[in-house]
Amino acid sequence: MKRIVLVLSILIIGGCSNKNDIPKPAKPIDKGVMEYILYDLALLQALKSYSPEKLAKNNIDPKTYIYQKYKIDSLQFAENNKYFASDIEGYKIMFENVSNRLQKEKVLMDTLVNRESRVKAKKIRDSIIKSSKNPKTKQKSKVIVKG
């Protein structure tokens, strides 16, 4: 009886360990580089969803683009992605970093778009004011009396 309890205890403890069963890839990618890859993939996926014609117009295949940019192949990416995903907490942190970076970029882009909109609106207002003050641009109404 004691032996059965001992064997079951060892199996339970061994089965519940946080040991990483996924071997390190043959061609490892640095964790920081992997975050950049995930960031670029998120941007390309957003572009593909939002404006797929831009990718098609420029002959860009998101996966091929990533492989060429980071000088990796599909197998290397798949193995490394699987390896990093096996550490759930670490992978979660990587995605949080990517999400935070995307959020910062969004705030920056929103600021630039708002600034550009204000500049365009000011130019339009200024041109309207300038044209209303310029006597050459005012049209004189002529009254023709037939009689």
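Here are some exercises with worked solutions on a predicted model of a protein chain.

**Exercise 1. Getting oriented**

Work out which secondary structure elements the protein chain contains and where the confidence is lowest and highest.

*Solution.* Begin with the elements: the protein chain has six helices and zero strands. Followed along the sequence, the pattern reads α-α-α-α-α-α. Next, look at confidence. The mean pLDDT of the protein chain is 82, with 77% of the residues at 70 or more. Helix α1 (residues 2-15) has the lowest confidence, a mean of 63, while helix α5 (residues 74-85) has the highest, at 93.

**Exercise 2. Surface and contacts of the chain**

Find what share of the residues is buried, and what share of the contacts joins residues at least 24 apart.

*Solution.* Of the 147 residues in the protein chain, 16% are buried. The accessible surface comes to about 12,700 Å², and carbon and sulfur atoms account for 60% of that. For the contacts, take those between residues at least 6 apart in sequence: 74% of them join residues at least 24 apart.

**Exercise 3. The geometry of α5**

Compare the span of α5 with its expected value, then decide how its buried residues are arranged around the axis.

*Solution.* Start with length. The 12 residues of α5 should span 16 Å at 1.5 Å a residue, and the end C-alpha atoms are indeed 16 Å apart, so the two values agree. Now list the buried residues of α5: Q76, F77, N80 and F84. These residues lie on the same side of α5 because they cover an arc of only 95° around the axis. Turn to the face directed away from that buried side, and you meet the exposed residues L75 and K82. As for partners, the buried residues of α5 pack against α2 (31-50), α4 (62-70) and α6 (88-133). Finally, check the start of α5, where a side-chain oxygen of D73 comes to within 3.3 Å of the backbone nitrogen of L75.

**Exercise 4. Q76 and I29**

Is Q76 buried or exposed, and how far apart in space are I29 and Q76?

*Solution.* Locate Q76 in helix α5. Its relative accessibility is 12%, so Q76 counts as buried, given that the cut-off is under 20%. Beyond residues up to four places away in sequence, Q76 touches K27, P28, I29 and K71.

Now move to I29, which sits in the loop between α1 and α2. I29 is buried too, because its relative accessibility is 9%. Although I29 and Q76 are 47 residues apart in sequence, their C-alpha atoms are 8.1 Å apart in space. With neighbours within four places set aside, the contacts of I29 are M34, I37, I72, Q76, F77, N80 and F84.

**Exercise 5. Helix α6 and I93**

Identify the buried residues of α6 and what covers them, then classify I93 by its accessibility.

*Solution.* First take the helix as a whole. α6 has 46 residues and reaches 67 Å from first C-alpha to last, close to the 68 Å expected at 1.5 Å a residue. The buried residues of α6 are G90, Y91, M94 and V98, and their cover includes α2 and α5.

I93 also lies in helix α6. At 43% relative accessibility, I93 counts as partly exposed, because that class falls between the buried limit of 20% and the exposed limit of 50%. To place I93 in space, use E35: the two residues are 58 apart along the chain, and their C-alpha atoms are separated by 9.8 Å.

Conventions:
Residues are numbered from 1 along each chain as its sequence is written. This is a predicted model: local features need pLDDT of at least 70, side-chain atom pairs count only at pLDDT 80 or more; totals for chains, interfaces and linings use all residues. Side-chain values use heavy atoms; hydrogens and water are left out. pLDDT is the predictor's confidence in each residue, from 0 to 100. Helices (H or I, at least four residues) and strands (E, at least two) are DSSP runs, numbered from the N terminus. Buried means under 20% relative accessible area, exposed over 50%, partly exposed in between (1.4 Å probe, protein chains only). Contact means heavy atoms within 4.5 Å. The expected span of a helix is 1.5 Å times one less than its number of residues. The arc is that of the directions from the helix axis to the C-beta atoms. A polar contact is a pair of N or O atoms within 3.5 Å; within protein, one must be able to donate a hydrogen and the other to accept it, and residues adjacent in sequence count only if both atoms are side-chain atoms. Accessible areas come from the Shrake-Rupley method with a 1.4 Å probe; for residues, only the protein chains shown count as cover.
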